[in-house]
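Biologist: I would like a close look at a single part of this model. Please take me through it step by step.

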Amino acid sequence: MSAENVAAAESEATEEPRVIEHKGAEYTIPAPLDFPLEVVYAENEVEIVRLILGEVQWPKYLATKPSIRDFQEFSEKVNGTPGN
């Protein structure tokens, strides 16, 4: 199990937010049960990550000018599921 998977599992178990690092920046990810309810209705991965990050962190991520490949890697970190 990778470090991100362990952190995601611990976050869900303890209901604590976790911090991920991506390209030199840190992002705080809430525990899954603290995700905004809108995540349930999201129609794609970009919308899910945008909702999880929120109004402050999403623009911070977009300011890095990510590629689709970069977003894929970032999304895996946010969701705690590398390789999925």
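Where is the place of Ser-75? Please go on from there to what lies around that part.

Modeller: This is a predicted model. Ser-75 has its place in helix H3, residues 68–79. Is it buried or exposed? Ser-75 has a relative accessible area of 6%. The cut-off for buried is under 20%, so Ser-75 is buried. Leave aside its neighbours within four places in sequence, and Ser-75 is in contact with Glu-45 and Val-49.

That leads to helix H2, which runs over residues 45–62. A straight helix of 18 residues would span 26 Å, but H2 spans only 15 Å between its end C-alpha atoms. H2 has a kink of about 120°, centred on Gly-54. Several of its residues are buried, including Val-49, Trp-58 and Tyr-61. The cover over the buried residues of H2 includes strand E1, strand E2 and H3.

Now the start of H2. Asn-44 sits in the loop between E2 and H2. With a relative accessible area of 38%, Asn-44 is partly exposed. Asn-44 caps the N-terminal end of H2. A side-chain oxygen of Asn-44 lies 3.1 Å from the backbone nitrogen of Val-46.

Next, the rings. The count comes to five aromatic pairs. One of them joins Tyr-61 and Phe-71, and this pair is tilted. The centres are 6.4 Å apart, with 55° between the planes. Tyr-61 lies in H2 and Phe-71 in H3, so the pair ties together parts that are 10 residues apart in sequence. Tyr-61 and Phe-74 also pair: their ring centres are 4.0 Å apart and their planes are at 5°, so this pair is stacked. Phe-74 lies in H3 too, so here the tie is between parts 13 residues apart in sequence. Tyr-61 and Phe-74 are both buried. Tyr-61 has a relative accessibility of 1%. Phe-71 is buried as well, at 15%. Tyr-27, Trp-58, Tyr-61, Phe-71 and Phe-74 form one aromatic cluster. Lys-60 lies over the face of Tyr-27, at 4.7 Å from the ring centre.

Last comes His-22, in strand E1. His-22 counts as buried, at 3% relative accessibility. Its side chain makes a polar contact with the side chain of Asp-70, at 2.8 Å. Beyond its neighbours within four places in sequence, His-22 is in contact with several residues, among them Tyr-27, Tyr-61 and Phe-74. Those three names also appear in the aromatic cluster.

Terms used:
Residues numbered from 1 in each chain as written. Predicted model: local features only at pLDDT ≥ 70, side-chain atom pairs only at ≥ 80, totals over all residues. Heavy atoms only, no water. Helix = DSSP H or I, 4+ residues; strand = E, 2+ residues; numbered from the N terminus. Buried < 20%, exposed > 50% of the residue type's maximum accessible area, 1.4 Å probe, protein only. Contact = heavy atoms within 4.5 Å. Expected span 1.5 Å × (residues − 1). Bend = angle between axes of the 7 residues up to and from the residue. Polar contact = N/O pair within 3.5 Å; in protein donor to acceptor, adjacent residues only side chain to side chain. Phe/Tyr/Trp six-rings, centres within 6.5 Å; stacked < 30°, edge-to-face > 60°. Lys NZ or Arg CZ within 6 Å of the ring centre and 35° of its normal.
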